[in-house]
Amino acid sequence: MSVAFTKEESAETASETLLPDRPISPHPNLVTEAGLRALELQLAQARQAYDATGTIEDVNERRRQAASPLRDLRYLAERLRTAQVVPDPTSTDAVAFGSTVTFAREDGRVQKYRIVGEDEADPKAGSISYVSPVAKALLGKAMGDVVNVGDQELEVIAIS
């Protein structure tokens with residue numbers, strides 16, 4: 001058969017299916033035990049998604065469908081390789097990695113967040129990364145301490 005009748009994509013099209021790697025944080029990869037389990041689950045899900053693309057007959061479509069799970073596999077494998085599990089704090093005397101801290105803002109709002117690793121942070125679900133400005137300001141503080149974050153004052157009102 002003539003090459004003219006085969007369905008092969010150009011190098012340009014092939015490069016379009018390669019996604020750039022997800023950026024890896026320069027900070028230590030601290031995680032809670034739950035965060036480690038979540039990374040392991042996400043890796044398994046990415047592996048499943050990648051494996052599922054193997055059944056796609058069209059080479060071009062298989063490459064397109066595999067690009068995202070393949071990128072996630074690389075990212076998650078690296079995050080698991082570098083994960084440093086930090087046990088839950090044994091004291092509530094000061095805010096630490098893994099602590100849940102409740103603080104009051106000047107405007108009267110009261111907020112409560114657990115300080116966790118970067119990959120497990122989800123502010124809408126009540127967790128923030130230990131490298132976030134708020135967490136950095138609160139780490140090491142005790143109940144009653146006041147910290148400044150930007151132009152806001154935050155007062156620690158509970159640590160659990």
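Hi everyone, let me start with a contact I like: the charged end of Arg-22 sits over the ring of Tyr-75, 3.8 Å from the ring centre. Keep in mind that this is a predicted model.

Now to the salt bridges. How many does a search of the whole structure find? The search comes back with eight. One of them joins the side chains of Arg-74 and Asp-21, at 2.6 Å from N to O. Arg-74 belongs to helix H3 and Asp-21 to the loop between helix H1 (11-16) and S1, so this pair ties together parts 53 residues apart in sequence. As for exposure, Arg-74 is partly exposed at 36% relative accessibility, and Asp-21 is exposed at 54%.

Let me move along to Arg-79, where there is a network: salt bridges link Arg-79, Glu-118 and Asp-119. The bridge between Glu-118 and Arg-79 has an N to O distance of 3.8 Å. It connects distant parts of the chain, with Arg-79 in helix H3 and Glu-118 in the loop between strand S4 (110-116) and S5, 39 residues apart. The bridge between Arg-79 and Asp-119 comes in at 2.6 Å, N to O. Asp-119 is also in the loop between S4 and S5, so that pair ties H3 to a part 40 residues away in sequence. Is Arg-79 buried or exposed? Arg-79 counts as buried, because its relative accessibility is 2% and the cut-off for buried is under 20%. Its partners are partly exposed: Glu-118 has 24% and Asp-119 has 26%.

On to the aromatics. There are two aromatic pairs by the ring-centre rule. In one of them, Phe-97 and Tyr-130 have ring centres 5.7 Å apart and planes at 75°, so the pair is edge-to-face. Phe-97 sits in the loop between strand S2 (84-85) and strand S3 (100-105), and Tyr-130 in the loop between strand S5 (127-129) and helix H4 (133-138), so the contact ties together parts 33 residues apart in sequence. Phe-97 is buried at 10% relative accessible area, and Tyr-130 is buried at 12%.

Last stop, helix H2. Its 20 residues, 33-52, should span 28 Å at 1.5 Å a residue, and the end C-alpha atoms are 29 Å apart, which agrees. Which residues of H2 are buried? They are Gly-35, Leu-39, Leu-43 and Ala-46. Viewed down the axis, these buried residues fall within an arc of 85°, so they line one face of the helix. Strand S1 (30-31) and helix H3 (59-82) are among what covers them. The face turned away from the buried side carries the exposed residues Arg-37 and Gln-48.

Thanks, everyone!

Conventions: Residues numbered from 1 in each chain as written. Predicted model: local features only at pLDDT ≥ 70, side-chain atom pairs only at ≥ 80, totals over all residues. Heavy atoms only, no water. Helix = DSSP H or I, 4+ residues; strand = E, 2+ residues; numbered from the N terminus. Expected span 1.5 Å × (residues − 1). Buried < 20%, exposed > 50% of the residue type's maximum accessible area, 1.4 Å probe, protein only. Arc of directions from axis to C-beta. Contact = heavy atoms within 4.5 Å. Phe/Tyr/Trp six-rings, centres within 6.5 Å; stacked < 30°, edge-to-face > 60°. Lys NZ or Arg CZ within 6 Å of the ring centre and 35° of its normal. Salt bridge = Lys/Arg side-chain N within 4 Å of Asp/Glu carboxyl O.
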